[in-house]
Amino acid sequence: MLYFAVPTVALLVVLGLAASASLLAALLHFTSRGRERAVRKVLLVALAVWALGLAVAVLPAAPQPDPSIPTGTFNWIPFLAHQERDLGVEMVANLGLFAPLGLVLAFYWRRFAVLKTTVLVLGLSVCVETTQLLLRNNRASDITDVITNTAGGFAAAFIGWALVTAARRRLTVSDPAAPESLHQR
């Protein structure tokens, strides 16, 4: 079974952040130049890569069960496992898990992007935790993961929305003949 130890998770988080920064740079570049087709292509590839990464990160079995949450149960007490042991790296990983999706959707949805993204991330996070619960794969199904995943998706969506709004505003100020599609969604 595929499982990543904590140092590997930390490395994956750093690589994910670097990839997200590169993705953000590409999206801002194309958005500020009004190249909507290029933005759509980048978004499609980014969503596919993120979905694959999500499956690899959350579906494989853990080598040992989480001692703070009995297998086959859902922990409804936020941050319970964090009180018993240091899970800082895991919390950062959970914050970053849905951040790329939040960032990508900020460029896709133009109206209510942060709200729609937050609701979608919340729903997907609940689905991930439910899947882990049903698979009984030694993974802890925990409300803390739902909270941190949603917070990461929200923060990324908000930052992405602010950046894309600024890029579009800059484009429309510098080019009054900018495509009307930049203002519509």
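Visitor: Which residues of the largest nonpolar core touch the most other members?

Guide: Among its 14 residues, they are Leu23, Leu27, Val39, Leu43, Leu103, Val104 and Phe107. Four helices each supply at least two residues of this core: H1 (6–32), H2 (36–58), H5 (99–108) and H7 (143–174). There is also a second, separate core of 9 residues, which includes Val58, Leu97, Leu105 and Val128.

Visitor: What kind of model is this, and how are its residues numbered?

Guide: The model is predicted, so local features need pLDDT of at least 70 and side-chain atom pairs count only at pLDDT 80 or more, while totals for chains, interfaces and linings use all residues. Residues are numbered from 1 along each chain as its sequence is written, and side-chain values use heavy atoms, with hydrogens and water left out.

Visitor: What makes a set of residues a nonpolar core?

Guide: The members must be buried Ala, Val, Leu, Ile, Met, Phe, Trp, Tyr or Cys residues, joined through side-chain atoms within 4.5 Å. Buried means under 20% relative accessible area, exposed means over 50%, and partly exposed lies in between, with a 1.4 Å probe and protein chains only.

Visitor: Which residues does Phe107 touch, leaving out those up to four places away in sequence?

Guide: Phe107 touches Leu24, Leu27, Leu28, Thr31, Leu43, Gly160, Val164 and Arg168. A contact here means heavy atoms within 4.5 Å.

Visitor: What are the helices and strands of the protein chain, and in which order do they run?

Guide: The chain has 8 helices and 2 strands, in the order α-α-β-α-α-α-α-β-α-α from the N terminus. Both are DSSP runs numbered from the N terminus: a helix is H or I with at least four residues, and a strand is E with at least two.

Visitor: How does the reach of H2 compare with the expected value?

Guide: The 23 residues of H2 reach 32 Å from first C-alpha to last, close to the expected 33 Å. That expected span is 1.5 Å times one less than the number of residues. The buried residues of H2 are Glu36, Ala38, Val39, Leu43, Ala46, Trp50, Leu54 and Val58.

Visitor: How do you know that H5 is mostly covered?

Guide: Of the 10 residues in H5, 9 are buried. Those are Ala99, Pro100, Leu101, Gly102, Leu103, Val104, Leu105, Ala106 and Phe107. For the whole protein chain of 185 residues, 39% count as buried.

Visitor: Why is Glu129 called buried?

Guide: Its relative accessible area is 2%, so Glu129 falls under the limit for buried residues. Glu129 belongs to helix H6 (residues 113–135). Not counting residues up to four places away in sequence, Glu129 touches Phe74, Ala140, Ser141, Asp142, Asp145 and Val146.

Visitor: Why does Phe112 count as exposed?

Guide: Its relative accessibility is 61%, which is over the limit for exposed residues, so Phe112 earns that label. Phe112 is in the loop between H5 and H6, and its phi is near 55°, a positive value in a residue other than glycine. Trp109 lies in the loop between H5 and H6 as well; its contacts, beyond residues up to four places away in sequence, are Lys116, Thr117 and Leu120.

Visitor: Which residues make the nonpolar surface patch?

Guide: Phe154, Phe158, Ile159, Trp161 and Leu163 make a patch of about 450 Å². Patch residues have over 30% relative accessible area and no salt bridge; like charges are joined within 9 Å, and nonpolar side chains (Val, Leu, Ile, Met, Phe, Trp, Tyr) within 5 Å. A salt bridge is a side-chain nitrogen of Lys or Arg within 4 Å of a carboxyl oxygen of Asp or Glu. Accessible areas come from the Shrake-Rupley method with a 1.4 Å probe, and for residues only the protein chains shown count as cover.

Visitor: Why is Trp161 called partly exposed?

Guide: At 34% relative accessibility, Trp161 lies between the buried and exposed limits, so partly exposed is the label. Leu163, at 31%, is partly exposed as well. Trp161 lies in helix H7, as does Leu163.

Visitor: What does Trp161 touch, not counting residues up to four places away in sequence?

Guide: The partners are Ala106, Arg110, Ala113 and Val114. Trp161 and Val114 are 47 residues apart in sequence and 7.0 Å apart in space, C-alpha to C-alpha.
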